[in-house]
Amino acid sequence: MKTSNATQVSELPNPSRRHVIKLMANGTGALVLGFNLPALAAKIFDELPLQATTQKVSLGSWISITSDNEVTIMVSQAEIGQGISTTLPAILVDELGADWNNIKLETAAFAPAFRNPKLNWMFTGNSESTQSFYDLMRKTGATAREMLLTAAAQRWHVPVSECSAENSQVLHTVSGKKLSFGALVADAAKLPVPTEPQLKQMQQLKLLGHALPRVDIPSKVDGSAVFGIDMSVPGMLHAAVRICPYLSGKLKRLDEAALKSQPGVKMLVPLPNGIAVVATSYWQAKAAMLAHPPEFEADTSKNLNSVQLRQQYANALHNGPFATALKEGEAMDVLAQTKKRLYAEYENPFAAHATMEPMNCLADVQTDKCEIWAPTQGQEFAHLALKSIFQLKDEQVIVHRTTAIGGGFGRRLLPDFVIQAALISKAVGKSVKLLWDREEDFAHDYYRPASMLAMEAAIDPKGYPSALMIRLVSPTILLPVFPPIASMLKEKHIDPSAIEGLTEIPYGIAAKHLDFHLLETSIPTSVMRTTGYGPNLFALECFIDELAHAARQDPLAYRRHLLRDHPRALAVLDKVAAMSQWSKKTTKKNRAKGLAFASAFGSLIAQVLELEVKGNDIHILNTWLAVDCGKVLDPGIAAAGIEGGVVFGLAYANTAITFSQGRTDQHNFNDYELPYLAQTPHIEVEFINSGAALGGVGEVSPITVPPALSNAVFAATGKRIRRLPIKHHGFNLA
């Protein structure tokens, strides 16, 4: 992959701040940065060039080794801050016996070999990466190791059992002879591929379970990381776009002559319901668009607003119709026969992905070839869409994923921005880099859908729920990223992602019933970090807290009773209780702790959040999280994922996307305010290695933050938060 961001930026009269940082770091190192970066282990690259004198041999799709012993591992998963470009290669390298300090990592273009082995689809999301690829990475490493050992044993005429692999060498343990992987790989590649290679014992693994320096961090610190926004190929042009900002509307007026007369403008490309300005530089394209903005008008959506939307949700919640998504026991009968009941309604808002790097893509579309470079989570979806649009063969569509991606959260699973770039390139007949500005990014997101839930419990004489009835209203989450589900939605009217967390409630409640209403809306909605678990468990965990209060019981003790048959759940609850000194009650007025628990993405998490309320201001002081993800592969990366998720969860509680006159009210970070560093609490995270199946850690902590915060506010003030964001109840994060 050709990149030239450094040379191009240095030629500009005003080089970027990031480029200046890079130059200073290269020139004076620790003097400028104020610290020394840790010595890296593996190093990550885009597609690697090969020296003409070096022979490179592949052992399957994932591993290649040169004759001078350079080991390269492919990275199939998008690095979006979760550390996956470190963890998955480390699993493979550990099993292979290669020298982690000299490994090179190469970002994989789309190919069937790099599909998720469980779902047979190449993508990054839903906390699937470690759970799905762990076994494959170990088997792949073990397979290559066994082939290298066999090649060495044959050369030495010794039993394979006398050979071992370490530091990218094969050692004959009896004689002390050594051969590098590079000296053996050509012979190893000719051998039959083992189908059932012997895996190492866990105690033999040297990387797994240890905190490794992340391979993606140094380049992000020194400015050399290549994000989509940095991609460059010789002779490319740049595009700015403006698509109708209304949910339903059309282009009303466009001054083509004025736009074409602007400096650097090469061409105007009509797009569905919008226009692209193509110019020599992005700033020329954007400046032209700002100087002569296209005018749009709303049609059927012109009266749509958040008040109207909320009424639509409420009508559906109270009147249906519903599809039954879960029925365990006869909850409706139990409720009808029980005098003591508790009922509450909860609301979650629309939310924007708001990635730091807006949507962008570099495309080069020719008659018989389509090649794109994009910060994407959905390489295969992009490949499939481009192949269909341009009627090309598989091998004629090449989808490169950039090594660095400025946030994803599920938004980049969709190929809409990739398709736009490709259409523009096709029209222009040259390579074109498309970049959305922030306003376009907010206006054309696929938002996390708003939802509304009603919960009613029948309460037994001891204060515990004997039945739970839930009604849930939500638009689709899954359809945009998985179109084949359309027939199921039409037939059953149930979106599997929208009901997550409510069909597998771990609490010991004998009768449970879940009704779901699939709301039809013109607002585009799709997956976002926590998917259905986040909004649904906000409601459930707040409701459990309300049940505990109604029973005059401690929220922790109440949950322990309901989870008495789940040892792993009890363990995380007990762990977080000890971490937070839950039993030690504060004497300070308006200061309190709140608790929330979740079973999601294969992991269990319990969180305690401590806050103080001063007037309308909420000061979040501390939070403690106990996590059981089965096995912790890298404690440093796992802890960072949980900590970052706390901040993400605060955003879910504190901000929202709203609508008026058929469009979003929020256009940039000045009106879609994310948490500041000063609003971030002291965070403590501890893990429990239970030995259970691997669970994900990238999406679990944002789930528990809103209910833990809401429950803490009630404990401090007596006010319940049943509707997010918290400003609806008069509160602000301070």
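Contacts in this predicted model are dominated by long sequence separations: of those between residues with a separation of 6 or more, 76% join residues 24 or more positions apart. The chain that carries these contacts contains 20 helices and 29 strands. Its radius of gyration is 27 Å, close to the 27 Å that the globule rule gives for 734 residues, so the chain is as compact as a globular protein of that length. Taken along the principal axes, the C-alpha atoms fill a box of roughly 80 × 75 × 55 Å. Of the 734 residues, 57% count as buried, while the area that the chain exposes comes to about 30100 Å², with carbon and sulfur atoms supplying 53% of it.

Three buried residues can be set side by side by their accessibility.

| Residue | Relative accessible area |
|---|---|
| Cys-361 | 0% |
| Cys-629 | 3% |
| Ala-108 | 0% |

For the cysteines, a search of the whole structure finds 0 disulfides. Cys-361 is accordingly in no disulfide, and the nearest cysteine sulfur, that of Cys-370, lies 8.2 Å away; because a disulfide requires a pair of cysteine sulfur atoms within 2.5 Å, that distance does not qualify. Cys-361 counts as buried, at 0% relative accessibility, and Cys-629 is likewise buried, with a relative accessible area of 3%.

Cys-361 is also one of the residues touched by Lys-433, a residue of strand S19, which spans residues 432–435. Lys-433 is buried yet has no salt bridge, since the nearest side chain of opposite charge, that of Asp-230, is 6.3 Å away, and a salt bridge would need a side-chain nitrogen of Lys or Arg within 4 Å of a carboxyl oxygen of Asp or Glu. Leaving aside residues up to four places away in sequence, the surroundings of Lys-433 include the run Gly-228, Ile-229, Asp-230 and Met-231, together with Met-236, Leu-237, His-238 and Ala-239, and also Leu-362. Asp-230 is thus both a contact of Lys-433 and its nearest side chain of opposite charge.

Ala-108 offers a second local view, this time from a loop, namely the one between strand S5 (103–107) and helix H5 (129–156). Ala-108 is buried, with a relative accessible area of 0%. Not counting residues up to four places away in sequence, Ala-108 touches Met-74, Val-75 and Ser-76, as well as Phe-114 and Met-122, and further along the chain Gln-379 and Arg-401. Ala-108 and Ser-61, which are 47 residues apart in sequence, are 9.9 Å apart in space, C-alpha to C-alpha.

Note on methods. Residues are numbered from 1 along each chain as its sequence is written. This is a predicted model: local features need pLDDT of at least 70, side-chain atom pairs count only at pLDDT 80 or more; totals for chains, interfaces and linings use all residues. Side-chain values use heavy atoms; hydrogens and water are left out. Buried means under 20% relative accessible area, exposed over 50%, partly exposed in between (1.4 Å probe, protein chains only). Helices (H or I, at least four residues) and strands (E, at least two) are DSSP runs, numbered from the N terminus. Lys and Arg count as positive and Asp and Glu as negative; His and the chain ends are not counted. Contact means heavy atoms within 4.5 Å. The radius of gyration is taken over C-alpha atoms; the globule rule is 2.2 Å times the number of residues to the power 0.38. Accessible areas come from the Shrake-Rupley method with a 1.4 Å probe; for residues, only the protein chains shown count as cover.
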